[in-house]
Structure formats: structure tokens, C-alpha cells
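Thanks for coming, everyone. I will keep this brisk. Please have a look at the next slide.

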Amino acid sequence: VAEAYRTVRDELVAYGAGLEDKVEIVALNKIDTMDAELADALAAELAEESGSVVLKVSGATGAGVEAILDAVAEALGARQEQKTEEQSDWSPL
């Protein structure tokens with residue numbers, strides 16, 4: 001999983017346009033296909049590589065989806081607050 005993460009990050013950097021600077025939510029999917037020990041080990045490997053908290057999720061069973069939605073909502077809320085602050089700092093001439 002660490003190699004796959006690096007590949008995605010390298011592609012974002014190569015594409016440019018500031019994509020590598022965007023907020024990211026890191027998730028390990030398909031946890032329904034592995035035992036808890038393997039999921040924990042892969043999540044730890046991914047966390048070490050990404051430097052982020054890794055959410056474990058299964059699209060098939062819905063496990064962890066609530067946590068992903070919460071993380072997205074939090075990221076969007078933080079972005080909205082940042083935009084509001086930027087707008088309040090702006091003044092014409």
C-alpha cells in the first residue's frame with residue numbers, strides 16, 4: 001500500500017496545478033477482504049508513508065463510511081472557514 005500511495009502522490013506532483021497541496025483523506029479500502037490484523041498492519045504502513053491518519057473502510061459492507069463522511073465534512077468546513085477569513089481580509093483599495 002505504501003508503494004501505491006507513493007505512485008498516486010508522484011502522479012499528483014507530475015500533473016501539477018497545485019494538486020499535491022490539496023487536503024487529502026487517506027483510506028484503506030476493502031477491509032472486508034482481510035482479517036483485522038492485516039488491515040491494521042496495512043493501515044500502519046500507509047500511515048507511516050503518508051504521515052496521515054488512515055481510515056479503514058469497506059465500500060462493500062459500509063464499514064468506516066461514516067468516518068470518511070465525517071472527515072470530508074470536516075475538511076469542507078475548514079475550507080469554508082478559510083475562504084470566509086480570506087474574504088473578510090479583502091478590502092477594496
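I will go from the overall layout to the core, then to single residues and the surface.

One caution before the details: this is a predicted model.

Layout first. The chain has three helices and two strands. Along the sequence they follow the pattern α-β-α-β-α. Buried residues make up 17% of the 93 residues. Now the contacts. Take those with a separation of 6 or more: 57% of them join residues 24 or more positions apart. The exposed area of the chain is about 6,900 Å², and carbon and sulfur atoms supply 55% of that.

Next, the core. Which residues form the largest nonpolar core? There are nine: Tyr5, Val26, Leu28, Met34, Ala39, Leu42, Ala43, Leu46 and Val54. Strand E1 and helix H2, residues 36-50, each supply at least two of them. H2 gives the most, with four residues. As a general point, nonpolar side chains in soluble globular proteins tend to be buried together.

Stay with Leu46 for a moment. Leave out residues up to four places away in sequence. Leu46 then touches Val1, Tyr5, Val26, Ala27 and Val54. Tyr5, Val26 and Val54 are also among the core residues.

Now a charged residue. Arg9 sits in helix H1. Is Arg9 buried or exposed? Arg9 counts as buried, because its relative accessibility is 18% and the cut-off is under 20%. Beyond residues up to four places away in sequence, Arg9 touches Glu20 and Glu24.

Two backbone angles deserve a look. Ala17 lies in the loop between H1 and E1. Its phi is near 60 degrees, a positive value in a residue other than glycine. Ala17 is exposed, at 71% relative accessible area. Lys30 is in the loop between E1 and H2. Phi of Lys30 is near 70 degrees, again positive and again not in a glycine. Lys30 is exposed as well, with a relative accessible area of 52%.

Last, the surface. What makes up the nonpolar patch of about 360 Å²? Val23, Ile25, Val72 and Leu76 make it. Val23 belongs to the loop between helix H1, residues 2-15, and strand E1, residues 26-28. Val23 has 69% relative accessibility, so this residue counts as exposed.

To recap: a nine-residue nonpolar core, a buried Arg9 in contact with two glutamates, Glu20 and Glu24, and a nonpolar patch on the surface. That is it from me.

Notes
Residues are numbered from 1 along each chain as its sequence is written. This is a predicted model: local features need pLDDT of at least 70, side-chain atom pairs count only at pLDDT 80 or more; totals for chains, interfaces and linings use all residues. Side-chain values use heavy atoms; hydrogens and water are left out. Patches are made of residues with over 30% relative accessible area and no salt bridge: like charges are joined within 9 Å, nonpolar side chains (Val, Leu, Ile, Met, Phe, Trp, Tyr) within 5 Å. Accessible areas come from the Shrake-Rupley method with a 1.4 Å probe; for residues, only the protein chains shown count as cover. A salt bridge is a side-chain nitrogen of Lys or Arg within 4 Å of a carboxyl oxygen of Asp or Glu. Buried means under 20% relative accessible area, exposed over 50%, partly exposed in between (1.4 Å probe, protein chains only). A nonpolar core is a set of buried Ala, Val, Leu, Ile, Met, Phe, Trp, Tyr and Cys residues joined through side-chain atoms within 4.5 Å. Contact means heavy atoms within 4.5 Å.
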